[in-house]
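Me: I've just opened this one and I'm new to it. Can you walk me through it?

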Amino acid sequence: LIPVDHTIVTVPGGNCLPACIASLLEVPLAEVPNFCAKQDWQAELNSWLEPRGYYAVCFTLAGVNWRPLGLYILAGQSPRGDWLHAVVARGEKIVHDPHPSRAGVLSHYDATLLIPLDPSRQSFRGAP
């Protein structure tokens, strides 16, 4: 994980999700489109991820006590208003909030995992 901060903090149109993706994939923010502006952001995200060897799985956390053990994108209510904000988390812990305030999220709405298309081709650099 290389933490990347988002550069557009306005709503709508903020780029916290692309900043989280850039952080997880360790690429510059400029390389990641702002999927939130798309009608079907999940399909657009997966189209972008596929040539990079990944796909995204998103699931709701409502009524679920379990959280992914590895790094994932956690969306929840922003402490700055009535909209969703994305952060990088591991389990219950936020490991990177791309907003300059680092205030995190007030709730856990959904989780997005970036999954390798072919795990056998991944380079494992050791334990997390």
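Me: Let's start with the strands: how many bridges join β2 to β5?
Reply: There are 3 bridges between β2, residues 71-77, and β5, and the two strands run antiparallel. Keep in mind that this is a predicted model.

Me: Which residue in β5 stands opposite I73?
Reply: That's T112.

Me: And the whole sheet, in what order do the strands come?
Reply: The order is β1-β5-β2-β3-β4, so to speak an open sheet of 5 strands with antiparallel pairing. At the edges sit β1 (54-60) and β4, each of which pairs on one side only. From one strand to the next, the twist averages 40°.

Me: Which strands does α1 touch?
Reply: α1 packs on the sheet and touches β1, β2, β3 (84-90), β4 and β5. Its direction makes about 20° with that of β3.

Me: What about α2, which strands does that one touch?
Reply: α2 also packs on the sheet, touching β1 and β5. The angle between the directions of α2 and β1 is about 155°.

Me: Switching to the inside: which residues touch the most other members of the largest nonpolar core?
Reply: I21, L25, F35, W48, L49, I73 and L114 do, in a core of 21 residues. At least two residues each come from α1, α2, β1 and β3, and α1 gives the most, with 8.

Me: Is there a general reason why nonpolar side chains would gather like that?
Reply: In soluble globular proteins, nonpolar side chains tend to be buried together.

Me: Back to L114. What is it in contact with, leaving aside neighbours within four places in sequence?
Reply: L114 is in contact with L24, L25, L49, Y54, Y55 and A56.

Me: Which residues does the second core include?
Reply: That separate core has 8 residues, among them Y72, V87, A111 and L113.

Me: New topic, backbone oddities. What is the phi of E26?
Reply: The phi of E26 is near 55°, a positive value in a residue other than glycine. Most residues other than glycine have a negative phi. E26 lies in the loop between α1 (16-25) and α2 (41-49), and is partly exposed, with a relative accessible area of 31%.

Me: R102 has a positive phi too, I see. Where is R102 found?
Reply: R102 is in the loop between β4 (93-96) and β5 (110-116). Its phi is about 60°, although R102 is not a glycine.

Me: What is the relative accessible area of R102?
Reply: The value is 44%, and R102 counts as partly exposed because that falls between the 20% and 50% cut-offs.

Note on methods:
Residues are numbered from 1 along each chain as its sequence is written. This is a predicted model: local features need pLDDT of at least 70, side-chain atom pairs count only at pLDDT 80 or more; totals for chains, interfaces and linings use all residues. Side-chain values use heavy atoms; hydrogens and water are left out. Helices (H or I, at least four residues) and strands (E, at least two) are DSSP runs, numbered from the N terminus. Buried means under 20% relative accessible area, exposed over 50%, partly exposed in between (1.4 Å probe, protein chains only). Axes are lines fitted to C-alpha atoms, for helices over the stretch in contact, and angles run from 0 to 180 degrees between N-to-C directions. Contact means heavy atoms within 4.5 Å. A nonpolar core is a set of buried Ala, Val, Leu, Ile, Met, Phe, Trp, Tyr and Cys residues joined through side-chain atoms within 4.5 Å.
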